[in-house]
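Subject: Structure handover

Hi,

Here is the structure I said I would pass on. Have a look at it first, and then read on for what turned up.

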Amino acid sequence: MGIFSILEKDEDNELINNVEAVLRTHYSSAAKEFFSRYTYLKSHPESRVIEPFGLYASAVNMMIGSSSVSPEKYTETMSYGEKVYKVMFPYEEKTPGFEDLSTVFIEMFNKGGIVSQRNFDEYIYDLFSDKLNYVKWAKNIIGNPQDGAIEGFVRPYGIEARAYFLDEDCFTANLIDVTLKVLKTADRQAVIDEELEKLRRMSGIYDVNEAALLDAVRKIQMAQVLHDRVTELVKVVEERVSILDATSRNSIQEVKTSCDDEVKKAKYELSIIDEKLKAAYEECVAQQKQVVLYEKKKLIDEVYAEAEERLSQLKAAAEKTINTVKLEMPEGITELQLEAAKQNTEIKVKATGTGVKTATGAAKVIPDYNNTILDASAYLSQSNEYAEVYEPQIMASDNDVEIPDINPLLDERKPFSDRYQEAMDKKAYMTAMGEHFHQMFDDVLIAVMENANPYLIGPSGCGKTYMVSQIAKILGMDFIDIGYINEEYDILGFQTADGGYSRPNFYRCYKYGKIAFCDELDNGNSRATVKLNSFLSNLKDASYNFPNGENVRRHPNFRIIGAGNTDGNGADSNYNSREKIEESVQQRFTPIYVGYDNEVEKKILADYPDWYSFLVLFRMATDEWGRKNYGDAPGIITTRDATRIKKYRDNNSFDMNKILEYEFIQTKDITYLAFIEDHMRQNIMNYGNAEEIFRAFCAKVDSRRG
C-alpha cells in the first residue's frame, strides 16, 4: 500500500469517527436508532449497501450538516440514498467514473438536495452523460409542486427530446425551461406537445399526411407542365425576336445607305448651285447697281425655287422610307427615333430682303455674302456625317460640376509609399480628434488606393458604411451609396419619354471621379450586377458609351467599393434572401472580411466599461451557440447597437432594464436566452464590473420563462 493510499484511508477513518462522534450527541430515540445502525454497518461490511463505508459516512456527514433533514428522518433519508446508490453505481466501486459520480452522489444529500427531497428520477438521470447537468436540472424543480408532473409529462418529454440535441448543455437548458413551464401551467400536455413540435420542425420533421403529400405531388406535376409550356413559348418568342431583330437591322442599314446616297447627291447638286450663284454674283458686280440688284433677286428666286423643289423630293423619299421601316419593325421599338429623324429633315428655305438665312431642325445659320447672295453649300458642309443631319443625338447637359484633377493620393505617378504615408498622417490626425477606426481599415484603404475594387464582407451593423465614409474623408473625395443593383438602369441610366437622359449616380461617379459604394451587392439582381464588369477592369484609358450616346472617359479618381453580408456564394442561416453574385463579378472584386471589432466598441463605450464588459460576455455566448449549432447565432449584438447604448446612457433616455429589454431580450427564443444566460454565468467572474447588469438580465430571462 502506497503512502497516498494510507493517507486517504486515514482521512476516511477520521471522517467515519467524526460522524460517529456527532451522532453520539443526539439523544432522540430515532437518532439513537440510526446511531446503532451506523456502528453496526461500520463493523459488518456484508450488510452494507453503500461501499466503501467512507462514501456512506460522507453522505451522512452532508445530511447531518443539512438543516432540512431532522434526526427523525436520518434512517428514512439514508434508505432512500441507498436506492439512489444502486441506480448510480450498478457495479459498486468498479462502476466507470466512480470518483466523479461519488462527488455527485454526496451533493445529492446537501440542503434541499435530491435525496433529502426524495425526487430522484432514474429515467431522467440516464439521459445525461455529465451527471452534474442532472443536478442542475433537479435543483430547478426543488420547491415547486410536482403533482405527478415529472413522471407523467417531463420524463416522457425528456426521453423523446434527447434525440434532437447533439450538445448536452443545450439539452439541459431546454429541459430546465420546459420543466418550469410544465410546473407552472395547468394544461401540461399542451406545453409538451408544443415544445416537441418545435424540436421536430427545427430538425426538419413535419407531419404531412398522405392526402397532403398526394396534393403536393399533383401541384408539382401541374407546375412542371406549366413550366414546359412557358419554356416552349419562350423559345418561340426568342426565335421571333431573333428574326425581327435581323429584319430590323437590315432595314435600318438599307435606310441609312439610301439616305447617305441622297445626301451625297444633294451635296453635289448644291455645290453646283453654289458655283452658279458665285458666277452670277461676279457677273452682276460688273453691271450697274440697279441691274445687279434686279438680277440678284431674280437669280435668288430661281435658286431657292429649285432648292425647295429638290428638298421636297428628298423629304418625300425619306417619309416613304420611314413608313416602310415602321411597317417592317415591331410596333413602338423605333417610333421615337424615326419621328426625331423626320422632324430634323425639314428644311424651310426663304429669301429675305437684306440677308439670307436657312433654318433647320439643328438651327444652323448659313453665312451670307455682303447680305446679297446665299452660299447654299455652306450649310451642308457643316455636317460631315449622316447621323448629324438625320439622327441627331440628344445629349445630357453636364452642369453637375467641372471635371476635377486627379487626386494626389491616387496619382500613380507618385511613389505609393509617399501617398500612403500622407493618408496615414491624416488618419492619425482624425484619431487625435476622436475618430475610431476599424482594425481592417488600413487594408481596405490600400485596396482602394491600389484600385483593387474591395468587397467588404461582414454582418449587419459592423461599420462597413462608416468605414467607406472615413476612406472618402481621408482621400478628400465624395462617395455615393448607390444601394443594391436591381436593374441595369441603376448603373447606366435610361432615355426618358421626352428624349432626355436620366443620369444615375453611377454615371456621376464614373465621369467626375467619385467613390461608387455598391452596398448589399449580394442582395441585388445578379443579372443586372453583371453590368459592373465593364467598369471593374480599371484600365487607365477606359471609357463607356452610356445610353445617351455619350462616350465617357473613366476618371482616374473613380473607385468602386462593394459590400455585403455574405461571401457572395448565396444565402446562409442569417441572411436567407441573398443571391449568389455572378462568378465573373466576384473575380473582379477583392474580398475583405470585416467583422465586429471589440476595440472600436471599447472606445465607443469608454465611459461605460460595465456595458462594454456585458456586451463582450453576450457576444462570447452567441459565438458559442453558433459553434455548437453549426451556424450563426440569431440576435447578435453589433457595433451599431454599442453606439445606441452609448447614446441612451449619455442622454439618460432609457434605463438599464429598458436597454436590456430592447437590445438583448426581445425577439429571442427562451431556449436561446437560457443558453446565453448559462454561458454568461460561467464567465461572469472574469468580468466583475458587469455583475449588476447580468443580474438584471437574469431576472428578465426568468420573467420570460413564466
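A quick word on terms before anything else: when I say two residues touch or are in contact, I mean heavy atoms within 4.5 Å. Also keep in mind that this is a predicted model.

With that in place, let's start with S28. S28 sits in the loop that links helix 1 (3–24) to helix 2 (29–43). Leaving out residues up to four places away in sequence, S28 touches P71 and E72. P71 is 43 residues apart from S28 along the chain, yet the two C-alpha atoms are separated by 7.7 Å. Is S28 buried or exposed? In between: its relative accessibility is 25%, so S28 counts as partly exposed.

Now the overall picture. The protein chain has 29 helices and 11 strands. It runs to 706 residues, of which 42% count as buried. If you take contacts between residues at least 6 apart in sequence, 68% of them join residues at least 24 apart.

The sheet

There is an open sheet of 5 strands, with parallel pairing, in the order 4-7-10-3-11. Strand 4 (479–481) and strand 11 (590–593) are at the edges with a single partner strand each, so each has one side without a neighbour in the sheet. From one strand to the next, the twist averages 25°.

Inside that order, strand 3 (residues 454–457) pairs with strand 10 (residues 559–564) in the parallel sense, over 3 bridges. If you want a spot to click on, I457 stands opposite G564 in strand 10. Helix 18 (residues 441–449) packs on this sheet and touches strand 3, strand 10 and strand 11. The direction of helix 18 makes about 155° with that of strand 3.

Helix 18 and what surrounds it

Helix 18 has a helical partner too. Its axis and that of helix 19 (residues 464–475) come within 11 Å and cross at roughly 55°. That angle makes helix 18 oblique to helix 19, and the crossing is right-handed. On the helix 18 side, the contact is made by F441, V444, L445, V448 and M449; helix 19 brings M467, Q470, I471, I474 and L475. Sorted by class, this contact has 9 nonpolar residues, 1 polar and no charged ones.

Between helix 18 and strand 3 there is a loop, and N451 is found in it. N451 is not a glycine, but its phi is positive, at about 60°. With a relative accessibility of 13%, N451 counts as buried, because the cut-off for that class is under 20%.

Helices 4 and 5

Further towards the start of the chain numbering there is another helix pair to look at. Helix 4 (residues 74–88) and helix 5 (residues 98–107) pack at an angle of about 150°, and their axes are 11 Å apart. Which way do helix 4 and helix 5 run with respect to each other? They are roughly antiparallel, because the angle of about 150° is over the 145 degrees that this label requires. The crossing of helix 4 and helix 5 is right-handed. G81, V84, Y85 and M88 make the contact from helix 4, and F98, L101, V104 and F105 from helix 5. By class, the residues in the contact of helix 4 with helix 5 are 7 nonpolar, 1 polar and no charged.

The loop between helix 4 and helix 5 holds E92. Phi of E92 is near 50°, which is positive in a residue other than glycine. E92 has 41% relative accessibility and so counts as partly exposed.

Helix 5 also contains E107. E107 touches V135 and K139, again not counting residues up to four places away in sequence. Its C-alpha atom is separated by 9.6 Å from that of M63, 44 residues apart along the chain. At 28% relative accessibility, E107 counts as partly exposed.

Backbone oddities

One peptide bond to flag: the one from E51 to P52 is cis, with omega near -5°. P52 lies in the loop between helix 2 and helix 3 (53–65). As to why I bother to list such cases, most peptide bonds are trans, and most residues other than glycine have a negative phi.

That's what I have for now.

Cheers

Terms used:
Residues numbered from 1 in each chain as written. Predicted model: local features only at pLDDT ≥ 70, side-chain atom pairs only at ≥ 80, totals over all residues. Heavy atoms only, no water. Pairing = 2+ DSSP bridges. Helix = DSSP H or I, 4+ residues; strand = E, 2+ residues; numbered from the N terminus. Axes fitted to C-alpha atoms, helices over the stretch in contact; angles between N-to-C directions. Parallel < 35°, antiparallel > 145°, perpendicular 65-115°, else oblique. Left-handed = near helix turned anticlockwise from the far one by under 90°. Nonpolar A, V, L, I, M, F, W, Y, C, P; charged D, E, K, R; others polar. Buried < 20%, exposed > 50% of the residue type's maximum accessible area, 1.4 Å probe, protein only.
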